[in-house]
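Student: I'd like to learn how to read a few features of a structure, one at a time. Could you walk me through them?

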Amino acid sequence: MSLDQVNAGAPALEEARRQLEICNACRYCEGYCAVFPAMTRQKAFADGDLTQLANLCHNCRGCYYACQYTEPHEFALNLPAALADVRVESWERYAWPTGLAPMFQRNGLAIAMAVIAGFALLFAAVAALPGGGEGFYAYLSHGAMVAIFLPAFVFPMVAIGIALRRYWADVGGKALRASDVTGALHDAGRMKNLDGGQGQGCNFEDGDRFSNARRIAHQLILYGFLLCFASTSVATLMHYLMGWEAPYGFWTPPKMLGVPGGILLVAGVLWMASLKVKADHDLGAKNVAGGEIWFYIVLLVVAASGLLLYALGGTGAVAVMLPLHLGSVLTFFLLMPYSKMVHGFFRLAALMRDRQDKG
Amino acid sequence: MSDLAGVDWDLVVVGGGNAALCAAIEAAETGARVVLLEGAPEFYRGGNSRHTRNFRCMHRGPLSVLTDAYGEDEYYDDLIRVTKGQTDEGLARLAITTSEDCLPWMENHGVRFQPSLSGTLSLSRTNAFFLGGGKALVNAYYNTAEDLGVAIAYEAQVKHVVVTGGRFEAVEVEIGGERLTIRGRAVVLASGGFQSDLDWLARAWGPAARNFLIRGTPYNRGVVLKDMLDQGAESVGDPTQCHAVAIDGRAPQYDGGIVTRLDCVPFSVVVNRDGERFYDEGEDVWPKRYAIWGRLVAAQPDQVGYSLIDAKSRDLFMPSVFPPIEAGSIGELAEKMGLPREKVEATVAAFNAACRPGTFHPTELDGLATEGLEPAKTNWARPLDTPPYYGYSLRPGVTFTYLGLKVDDTARVTGPEGRYENVWAAGEIMAGSILGQGYLAGFGMTIGTVFGRIAGREAAAHVA
Ligand SMILES: Cc1cc2nc3c(=O)[nH]c(=O)nc-3n(C[C@H](O)[C@H](O)[C@H](O)COP(=O)(O)OP(=O)(O)OC[C@H]3O[C@@H](n4cnc5c(N)ncnc54)[C@H](O)[C@@H]3O)c2cc1C
Ligand code: SF4
Ligand code: SF4
């Protein structure tokens, strides 16, 4: 049985279909983002089409504030929210193992905090075992770290890979061309679909006024994360290929990538959180606020504990910060397939799929 | 709100659509103290302007999103063709030639343009489309006006304009149930036409008007227009006429806007309540015939028409917001639509028999005409023979009324003893001088922008 059938008649899909049929007869918002040109290529919307459009939507909200049919008008348009509901439901539906994601939407914060605490205690316990090594390895042997982190990294990649395959089948994706990938990366790299079509930005923290704040905050997080990830990857390569072991000083690649990355990440997350507080919650997905908050908190703990760890290196605080940092990183990766983090993967897939139709 | 009454305003702007906002912004930029009184609640602010999608703009070469060139004479010729000469040439040429400056002015005040929407390529040379449509334009202007310090009151229904001896003194306005007098040294009237007052429409047009749908805001009830005419202001435009197009019969009474438009007529057989055809559905390409179908349907019993197509034509026009009624046979379709079954079957059978072989061309006049049928269908006549069959009901949808205030080339209103000293008007409320009949797509916003700006500047200069 295809996932489409499981979900047939789901209220979120029905509502998005109803609204898109109105938009398709209007088209005033065509210039804001990629959703509208993709929409006008169709007359009727199958469930897979809706899922694709929903993942293409970046929730810039331009089409809400520009719409002459929002409530109290009887057509009751709220396309950003309708597509957000479809989008979040699609992530839950495609997540593997099936059924795990909704649990996190409801109890994400509690689960994440418990997992971080659990891992941190575990690391602390392992560290207490007699062992040898220098720097951080004095606390936790390198072998133990690899034994824990390798599967923790492989599992989410496999899980997300399965989810994306399900998505790709539902949205009728074809074999990827190099230009699909580069085009999508180019759009994501600049957050093109949050630029309002002409660089004025989106409508988020200040009602119908446009601003690029959310776009910039998002890129701080994205690039901060990528720098941190690069830092870890470089360190791994240095360890294995060059036999150069941690700890690393400031003027080394891992630190020169990781410290700015951590700072960008912390700044981006705090800024984004402050924007979210000001934004109108009715224009996002229903019941998802909790699910997003835990992700931001985990991200913040990862970045802040990493920075503190570096700042406090050599002091007794490492015994506390290291388990906390490692525990949060592990949590971040393990829970990635069920967190807001998956949006990036689905977005990229949607952008690639869109390239295929644009020819 | 009562603090509005305590101020002696330089300029009182009545209305909150495109024309009112352009006037308020121009005046505020000179430093004038401006209050804008919008009768609608904040959500519905912007009148009919919030439903628009583009404005028609003269340009000597490529300009912003506009391609090629669109000169004064060609623009004027297009206008004369639709108004059949019922236009004030001086004002019309003023609107046309000033439109070119308006585009950059609009961009400088927050409006963004986008290339012609998909399905409207024929307008890419003449009409500049607003990114996000008219509501986005209205939002941008409200933000600009707020930043310039314009005081804005919503749900502020102006009931009476106090004019003594040719001089404006104050408006009497109801704000949230409270009646206030707001004084000012000048006034710009930009409160639109009267089409949303169905009683007035019925008195002017006849009782049939009660079955008309109003495509735009319910707040344009002509209160200010009537108040001025009662005080002897000079009028222009045919008081009995309104611009009406055929829209989907299931549209809401008010505010259905653009999405209720139906473009299927040229590919269909249109019958009335009694199952009879009444006009050549294929007379010309749809954009040129769009406007006459409002009147044609208005003249039918119960002011309703029924457009019937078959599966061959389903994908030839823009999708409509309401799905069509669908049936496996013409008889079944007639029954589902509440039409007399035998009569419709006979009408369609006669139509089908009158169709001739030939090449069908949906996008051009293909000359595929019926033979020996009255009335004939002169283009795109193909038999309805491929199920499923689809039907849409059609009703007249009123866009605006023609009756308005007479203004001069400075947008100043004429009263019983010549021009008022300090009363200006802009937009739909004075458009009858230029659009005496018919309509030219995108010209309503041009008139509002051009005369709104003139009125705002003139009023500000008067009080300076
Ligand atoms: C569906 C639709 C689509 C259209 N599309 C286009 C298009 O694409 N291009 C184009 O050029 N034209 C279009 N038009 C025509 C266009 O809308 C009008 O020509 C234009 O908006 C007129 O602007 P205005 O400012 O004079 O009036 P409006 O925008 O209607 O503003 C009138 C304002 O006055 C307020 N008001 C009314 N009475 C009172 C009162 N007593 N006290 C206080 N305030 C009051 C109303 O609330 C409203 O804010 C369209 C019209 C409709 C209905
Ligand atoms: S969101 Fe509203 S204005 Fe935009 S295309 Fe849809 S119906 Fe039209
Ligand atoms: S919210 Fe923004 S990105 Fe999403 S459909 Fe509307 S305009 Fe496009």
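Student: Let's start with charges and rings. Which ring does the charged end of R314(B) sit over?

Tutor: Keep in mind that this is a predicted model. To call such a case, look for the CZ of Arg within 6 Å of the ring centre and within 35 degrees of the ring normal. Here the charged end of R314(B) sits over the ring of Y390(B), 4.7 Å from its centre. In chain B you can also find R93(B), whose charged end is placed over the ring of Y76(B), 4.1 Å from the centre.

Student: And rings with rings? How many aromatic pairs does a search of the whole structure find?

Tutor: Over all chains, the search gives 39 aromatic pairs. One of them joins F113(B) and F130(B): their centres are 6.0 Å apart and the planes make 50 degrees, a tilted arrangement. This pair connects distant parts of the chain, with F113(B) in strand β4 and F130(B) in strand β5 of chain B, 17 residues apart.

Student: Are those two rings' residues buried or exposed?

Tutor: The cut-off for buried is under 20% relative accessible area. F113(B) has 3%, so it is buried, and F130(B) has 1%, so it is buried too. For an aromatic cluster, turn to chain A: F153(A), F225(A), F229(A), F295(A), Y296(A), F332(A) and F333(A) form one.

Student: How should I read a helix, say α4 of chain B?

Tutor: As a general idea, an α-helix has 3.6 residues a turn, so residues three or four places apart point the same way. Helix α4 of chain B covers residues 134-147 and reaches 20 Å from first C-alpha to last, close to the 20 Å expected for its 14 residues. Of those 14 residues, 12 are buried, so α4(B) is largely enclosed by the rest of the structure. Among the buried ones are K135(B), N139(B) and Y142(B). Just after α4(B) comes G149(B), with a positive phi of about 90 degrees.

Student: What should I look for in backbone angles elsewhere?

Tutor: Most residues other than glycine have a negative phi, and most peptide bonds are trans. N59(A) is not a glycine, yet its phi is positive, about 55 degrees. N59(A) lies in the loop between α4 and α5 of chain A, and it is buried, at 7% relative accessible area. S64(B) is another non-glycine with a positive phi, about 50 degrees. The loop between β3 and α2 of chain B holds S64(B), which counts as partly exposed at 44% relative accessibility.

Student: Where is the peptide bond from E71(A) to P72(A), and what is its omega?

Tutor: That bond is cis, with omega near 10 degrees, and P72(A) belongs to the loop between α5 and α6 of chain A. The bond from W96(A) to P97(A) is also cis, with omega near -5 degrees; P97(A) is in the loop between α6 and α7 of chain A.

Student: Last topic: how many residues surround ligand 1?

Tutor: There are 37, and the closest are E38(B), S49(B), N220(B), E428(B) and M445(B). For polar contacts, follow the N and O atoms: a backbone N or O atom of E428(B) is 2.7 Å from an oxygen atom of ligand 1, while a polar backbone atom of G16(B) is 3.1 Å from a ligand oxygen. Taken alone, ligand 1 exposes 1,000 Å², and the protein buries 97% of that. The elements giving two or more residues to the shell are α1, β7 and α11 of chain B.

Notes
Residues numbered from 1 in each chain as written. Chains lettered and ligands numbered in written order. Predicted model: local features only at pLDDT ≥ 70, side-chain atom pairs only at ≥ 80, totals over all residues. Heavy atoms only, no water. Helix = DSSP H or I, 4+ residues; strand = E, 2+ residues; numbered from the N terminus. Expected span 1.5 Å × (residues − 1). Buried < 20%, exposed > 50% of the residue type's maximum accessible area, 1.4 Å probe, protein only. Phe/Tyr/Trp six-rings, centres within 6.5 Å; stacked < 30°, edge-to-face > 60°. Near = heavy atom within 4 Å. Polar contact = N/O pair within 3.5 Å; in protein donor to acceptor, adjacent residues only side chain to side chain. Areas by Shrake-Rupley, 256 points an atom, 1.4 Å probe, with all protein chains shown as cover.
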